[in-house]
Amino acid sequence: MSEQITKEVFDHLVGLAALQLEMEQAEYLRKQLNNQLKAIAELEAIPLEKDVPISLHGVPYEASLSAPPREDEWKPYPDPAGILAQAPQVVDGYIVVPDIPHTELK
Amino acid sequence: MEICDLNALELARLVRSRQTSAVEVVKSCLERVAQVDGRPGSLEQMPLSDEDKKRVHAFITLTGENALQQAEKVDQMLAAGEDPGVLAGVPFTVKDIFCVQDTLTTAASKILANFTAPYTATPVQRMQDAGAILLGKVNLDEFTYGSSNESSAYQPSPRNPWNTDRVPGGSSGGSAASVAAGEAPLSLGTDTAGSIRQPAAFCGVVGVKPTYGRVSRYGLIAFASSLDCPGPVARDVKDAAAMLGVIAGSDERDATAARLAVPDYLEGIEEGVKGLRIGLSPDYFRITYPDPVSGELLSQPLPEEVARAVTEAAEKLSAMGADIVEGVPMPNTRFGIPAYFVISRVEAASNLHRYDGVKYGLRSEAPTADLKEMYKITRNQGFGPQPKLRILMGMYVSAAQYSEQYYRRALQVRTLIRQDFEAIFDPAGAYRLDALLTPTTPTTAFKMASLYGDSVLMQYADQLTVPANHAGVPGISLPAGLDNEGLPIGIQLLGADYAEKTLFRAARAYEMTTQEEDWRKQKPEVLRGRS
Amino acid sequence: MTDYEAVIGLETHIQLNTVTKVFCSCKADSWFDPPHTNICPVCCGLPGVLPVLNKAVVEKGVLLARAMNAEIRPLSFFDRKNYFYPDLPKGYQISQFDQSLARGGYLDLPIPAAASPDKQAYTRHVTIWKLHIEEDAGKTKVSNQRRLIDFNRCGVPLVEMVTGPDLRTADEAAQYLIRLRQLLRWLGISEADMEKAHLRCDANVSIRVRGETKLNPKTEIKNVNSIDAVREAIAREIERQIREVEAGRHIEAWTLEWDEDSGTLKKMRSKETEADYRYFREPDLLPIRLDEGWQRQILADFPELPLERRARFVEQYNLPEYDADILTSERKLSDYYENTVKSYGGDPKKVSNWLMNDVLRMINDQGLNPQEMQLTPDALAEILKLVDAGTININTGKALLQKVQESGKKPGAIVAEEGLGLVSDDSTIREVCQAVLAESPNEVAAYRAGKVTLIGWFVGGVMKKMRGKADASLARQILEDLLNEKNG
């Protein structure tokens, strides 16, 4: 079975995932991914009737079991500052992150 | 026998009747922790000493001081004639994947290393509201991704109290280990593919994966949101039933928590199994896995000891009046893992997007003026290999060009698995089962480092537990003897949606009928030599 | 020169005016609030939190779907749209992808003569391609090469609504937004203030040779925050594309940013590879179940829509299009007009005149809400009737508008209290006449000496004293009686 996740595909995935890997780990992970894909390949062999519905949750949610939507009532959270306090960098109540460099294109 | 070795309901009774105090109970548990747990999991890299190898290492964060204060409050309430709740004074541990207000919540990952949750998860809150006392946060596989607990960023990772060279199982390894070692009678775990039942089986305790949606997920750091179930780990069935009764129920903060009254799980729990129809399926007596090199599917029967524990259990249940139905077909069981590989990865990759160094948790100290660079360095430093694997696989199988081939197909396969269960539990069907009896795991606890690193084989350890997660149905694992190496064997009962009560009844019947068996008198290795 | 036509589609984001956010109980509107004050663990995407859907968001979405003639799905789903951006705390946006709240829909957009190339009014059929609920992201701003983030806006409910490529001119695009804004306010589902980003619009623009049916590569104009700016930006872009094509160049699928200050379009960073959002069903939410009962409940008071009402006003009340347009510009004003017409029972055009000339000025100058004015439709009708009956004259009637508005009293009561009615009481006028005569002995003498033309002067004096309210013919008769009496 040929490698499905080539180095090129792998690098693309790493970019999409906002990761940046050391070479050694990258090779280990790529190998593991390809092994997993072999296991997943079994899925493709399962004979499926075309109209088999998908299940988003195993348990069906009939209307009677489903929680109704919430009423539109304001309940202020008591400690917004506590949330902000978790942020690595804050200035004047704003969370600070590095900028997104713009490449000016002509 | 020490106070900390008593079960939860007994402790609650003693505390409520003031034959002992909650403070005494907590002290006893803390003493046990001091004796057997060794150093807690930590991000600092320190080589394992010989001493370390004999310890349980269940905890990441021990909240002893706080537990004693809570215990005092419970005692004061009792002194004042108030009712602190059904679990008054009962210590419990919490898998460190649940948020607890003002407590470090790590998910066993470096990326959340400094995160202090500003709120408390619903099931934890419900335990506390029932008078139970939080003893601390216990270790797990990083973000629950694993079956051995070895992937935790917090090392040493937990070790099996029955044999500290063995893994406790995972991902709720700290939960199962802490309960087995008598550090606490109860623990709150989570089960996404077997993460409560498998470590419960490995550690010789009771683990319950409730019906999906039976227990609120609010405050549970998500792995695979459509599969995650919080549930109890306990030393016996009644304790597990009592704990589920406390944590179950609808929650205005979780739209997927079922709007369904919670029954009294203890009521009638000892009525026996007379008239219950309990099935055995050949599909749960073999495992199928791909050859790591060729990818070719290999199938092999379960180890004889494991299979025998199940058939013997069936005989005992039969002797008590249950109808045993053999040859129940569960043809889609073996697709559980491949479908799980897809569904859980897609959801996990998305659930891990939020760890980006912007608003909480780790942010790389490396100076950079580029946001994307900051994301990448942070996520590379913060995530261990298991989250990275899941993210990358999730990215791959959910990319637009593959989602039909993989993701949609996996959701269809989930339907097939679900249909297996619907057919056998259908009261008007051919089998009309009340429960399906299966082994919990293909093997007993494996050696540390024996599987870790092979993500495929590791995953196949969940083959007998993951179908219940796909189908949403409840399952319970309970101890059923020891293998020839003295390691616990677990058996599993699976039931129809919201039929936990039936499972508890059957499990309790088995527990009662085996109460006097020799293996029940055996103690975990870390407790041997105690009176 | 080749004749080109533009092909324009608009993507609008509509901020619903619910009290709370779409998936948590934080206040939705943070316009005046400091950063990070309307936040909670849910909208900040803290580990372990779960979204819980706000009922009012669904209800308002259904109203809009119905107004756009879209088909409402009895079962619709939420999906995750995954991407990294610092203002998106969960790293995914909860949106709806393939099974959204509603499907299809259209708006028959009237284009007035003034906005028509050949000065002939016409109608443009605009199809709706997408209508779904989603959550807003936070706000970011750049300062000193750093990005500052505020999560207050995270989770504010939006409806994204996308038109087909059906619009043909910049004016049509502007008309679409004008009508959409009117509709949103009419339905009471959004404040629709573009300056406050309650209504946001991105425009997709391409051109083709008139008569062709194919779609050429388009550019996307972003960051436009007024209707005038949308019109201006699209017009500029159409001109630019024509210039490019005429010069033999190709149009590339750029994303352009409208710079309000300079009135120019600037190219944004070229899109990297087409983003793969890896949409999948949101497992944390159950589908929206819009069963018949709930739909009926939501649509029970569904109002007549502005364009329908406009047509009816022309038809039923014989109003000129101009009047009908203004009187249906806003629902409360429109209701006010119609209630006045009913209460009055007279000529609807007369009501329109009073409303458009005088009442509307009061409303605008004083920032009044027609629904809450003390000058109620009944009061306005009463004033009109008083004028019709000759109880007061037109000027008095107009002065009464403000008096009623300020005091809240009934017009009739004010007329009586302040004696504003035309006085036809013999004795009152007689007293004034006597006073006038007593003050003017010389003129009385002159009259009596035969200068009878002075009667007009005496009448004027009486009217002046009575501030115009006297019945002039009665005054004249009394004056004549008094003057002749003394003689006899």
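User: Which residues does B:Ala506 touch, not counting residues up to four places away in sequence?
Analyst: This is a predicted model. In it, B:Ala506 belongs to the largest nonpolar core, and is one of the four members that touch the most others. Leaving out residues up to four places away in sequence, its contacts are B:Val273, B:Leu276, B:Ile278, B:Leu317, B:Ala435 and B:Leu493.

User: How many residues are in the largest nonpolar core?
Analyst: The members that touch the most others are B:Val342, B:Leu392, B:Ala506 and C:Ala173, so named from chains B and C, in a core of 296 residues. A second core stands separate and includes C:Ala324, C:Tyr337, C:Val351 and C:Val415; that one has 29 residues. The figure for the largest core is 296 residues.

User: What percentage of chain B counts as buried?
Analyst: Chain B holds 16 helices and 13 strands. Its radius of gyration is 22 Å, which agrees with the value near 24 Å for a compact globule of 531 residues. Among its contacts between residues at least 6 apart in sequence, 74% join residues at least 24 apart. The buried part of chain B is 66%.

User: Why is chain A described as more spread out than a compact globule?
Analyst: Chain A has three helices and two strands, in the order α-α-α-β-β from the N terminus. For 106 residues the globule rule gives 13 Å, and chain A is well over that, so it is more spread out than a compact globule, with a radius of gyration of 24 Å.

User: What percentage of the residues in chain A are buried?
Analyst: The C-alpha trace of chain A spans about 55 × 55 × 35 Å along its principal axes. A residue counts as buried here if 20 or more other C-beta atoms lie within 10 Å of its own. Of the 106 residues in chain A, the buried ones make up 36%.

User: Which element of chain A gives the largest share of the side that touches chain B?
Analyst: In this pairing, 49 residues of chain A are in contact with 66 residues of chain B. Helix 1 (7-16), helix 2 (23-45), helix 3 (80-84) and strand 2 of chain A each give two or more residues to that side. The largest share is 14 residues, and it comes from helix 2 of chain A.

User: How many nonpolar residues are on the side of chain A that touches chain B?
Analyst: Sorted by class, this side has 11 polar and five charged residues. The remaining class, nonpolar, has 33.

User: Which element of chain C gives the largest share of the side that touches chain A?
Analyst: Here 38 residues of chain C are in contact with 31 residues of chain A. The elements of chain C that give two or more residues are helix 1 (55-67) and strand 10 (146-150). By class, this side has 20 nonpolar, eight polar and 10 charged residues. The largest share, five residues, comes from strand 10 of chain C.

User: Which residue stands opposite A:Val96 in strand 10 of chain C?
Analyst: Strand 2 (residues 94-98) of chain A pairs with strand 10 of chain C in the antiparallel sense, over four bridges. In strand 10 of chain C, the residue opposite A:Val96 is C:Leu148.

User: Which strands stand at the edges of the open sheet?
Analyst: The sheet has four strands in the order 1(A)-2(A)-10(C)-9(C), with antiparallel pairing. Each edge strand has a single partner strand, so one side of each is left without a neighbour in the sheet; the edges are strand 1 (90-91) of chain A and strand 9 (139-143) of chain C.

User: Which residue stands opposite A:Val91 in strand 2 of chain A?
Analyst: Strand 1 and strand 2 of chain A run antiparallel and are joined by two bridges. Opposite A:Val91, in strand 2 of chain A, stands A:Tyr94.

User: Which residue is the bridge partner of C:Arg80 in strand 16 of chain C?
Analyst: C:Arg80 is in strand 4 (residues 79-82) of chain C; C:Arg80 and C:Asn82 point one way, C:Asp79 and C:Lys81 the other, and all are buried. Strand 4 of chain C is joined to strand 5 (residues 92-95) of chain C by four antiparallel bridges, with C:Asp79 opposite C:Ser95. It also pairs with strand 16 (residues 280-281) of chain C, antiparallel over two bridges. There the bridge partner of C:Arg80 is C:Phe280.

User: How many Å separate the centres of domain 1 and domain 3 of chain C?
Analyst: Chain C is divided into domain 1 (4-294), domain 2 (306-417) and domain 3 (426-487). Taken over C-alpha atoms, the centres of domain 1 and domain 3 of chain C are separated by 74 Å.

Conventions:
Residues are numbered from 1 along each chain as its sequence is written. Chains are lettered from A and ligands numbered from 1 in the order in which they are written. This is a predicted model: local features need pLDDT of at least 70, side-chain atom pairs count only at pLDDT 80 or more; totals for chains, interfaces and linings use all residues. Two residues are in contact if their C-beta atoms, placed from the backbone, lie within 7 Å. Ala, Val, Leu, Ile, Met, Phe, Trp, Tyr, Cys and Pro count as nonpolar, Asp, Glu, Lys and Arg as charged, and the others, Gly among them, as polar. Two strands pair if DSSP finds at least two bridges between them. A nonpolar core is a set of buried Ala, Val, Leu, Ile, Met, Phe, Trp, Tyr and Cys residues joined through C-beta atoms within 7 Å. A residue is buried if 20 or more other C-beta atoms lie within 10 Å of its own, exposed if 12 or fewer, and partly exposed in between; C-beta atoms are placed from the backbone. Domain bounds come from an automatic or database domain assignment. The radius of gyration is taken over C-alpha atoms; the globule rule is 2.2 Å times the number of residues to the power 0.38.
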